Amino acid sequence: FKSKKGFTLIELLVVIAIIGVLASIVLVSLNSARQRARDARRLSDVRQMQSALELYFDRNNGYPTALTSLVTAGLISAVPSAPAGAVPACTSIAGNYCYASQNGTAPNCTSYHLGTLLEDSSNSALVGDADNPVTAATACGGSTEFSGNSNNCADGTTASAPERCYDVRP
């Protein structure tokens, strides 16, 4: 007698199930990679602005009261915008990065606090950052953007979440 060539319905369903499981694993990995990429961009932006702030200090003997002064001084072409992601940025701040100039008299502030929220709370960059709050008493020129952040970027923690705020000082 002749044998029929082809696949049975059960064989096809097993193959489709295996493909579905593999596809879901790939999608989860891709989402994690996107998250890490957005955090890497945030860290890069903070480091770029930190370098521009140091150049500004060398030229003007003080730090600016706003990040937009770095553009005016020609040190960066534009204040970077934080990539869209799972974390909210500082509200009403140019480029959505937290910045507060501190100590001294505007425009010659002697210190600053710069930061951003990261999506991954286990990012190794969080180990060596500043983690110091900004208070109105130390603000230079009334710049207290950290204290107004609903995610408490000032000290990097909230009551229900681990540290996600990467922040730097000079």
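Is Arg42 buried or exposed, and what is its relative accessible area? Arg42 is buried, at a relative accessible area of 2%. The views below start with the whole predicted model and then come back to this residue.

**View 1. The whole chain, a predicted model with two helices and three strands.** Start at the beginning of the sequence and you'll meet the elements in the order α-α-β-β-β. The protein has 170 residues, and buried ones make up 35% of them. About 9700 Å² is exposed, with carbon and sulfur atoms supplying 58% of that area. Now look at the contacts between residues with a separation of 6 or more: 65% of them join residues 24 or more positions apart.

**View 2. How confident the prediction is, from helix 1 to strand 1.** Across the protein the pLDDT averages 78, and 73% of the residues score at least 70. Among the elements, helix 1 (residues 9–60) has the highest mean, 92. Strand 1 (residues 98–105) sits at the other end, with the lowest mean, 80.

**View 3. Two stretches where pLDDT is below 50, residues 148–152 and residues 154–160.** The model gives residues 148–152 11 contacts beyond near neighbours in sequence. For residues 154–160, there are 17 contacts beyond four places in sequence. Where pLDDT is low, the predicted coordinates should not be read in detail. So take the contacts drawn here with a pinch of salt.

**View 4. Arg42 and Asp39, a salt bridge within helix 1.** Back to the residue we opened with. Arg42 and Asp39 meet through their side chains, 2.9 Å from N to O. They're three residues apart in helix 1, about one turn of the helix. Both partners are buried: Arg42 has a relative accessible area of 2%, and Asp39 has 1%.

**View 5. Glu119 and Arg38, a salt bridge between distant parts of the chain.** Here the N to O distance is 2.6 Å. Glu119 belongs to the loop between strand 2 (108–117) and strand 3, while Arg38 is in helix 1, and 81 residues separate the two. How accessible is each partner? Glu119 is buried, with a relative accessible area of 9%. Arg38 has 21% and counts as partly exposed, because the cut-off for buried is under 20%. Step back a little and you'll see that Arg38, Asp39, Arg42 and Glu119 are linked in a network of salt bridges.

**View 6. Asp45 and Arg41, another pair in helix 1.** The closest N and O atoms of this salt bridge are 3.8 Å apart. Asp45 and Arg41 are four residues apart in helix 1, again about one turn of the helix. Asp45 is buried at 8% relative accessible area, whereas Arg41 is partly exposed at 41%. In total, the model has four salt bridges, including this one.

**View 7. Asp167, a buried residue with no salt bridge.** You'll find Asp167 in strand 3 (residues 165–168). Which side chain of opposite charge is nearest to Asp167? That's Arg169, 6.0 Å away. A salt bridge has to fall within 4 Å, so the pair with Arg169 doesn't count as one. Asp167 does have a polar contact, though: its side chain is joined to that of His113 at 2.7 Å.

Terms used. Residues numbered from 1 in each chain as written. Heavy atoms only, no water. pLDDT = per-residue confidence, 0-100. Contact = heavy atoms within 4.5 Å. Buried < 20%, exposed > 50% of the residue type's maximum accessible area, 1.4 Å probe, protein only. Areas by Shrake-Rupley, 256 points an atom, 1.4 Å probe, with all protein chains shown as cover. Lys, Arg positive; Asp, Glu negative; His and termini not counted. Polar contact = N/O pair within 3.5 Å; in protein donor to acceptor, adjacent residues only side chain to side chain.
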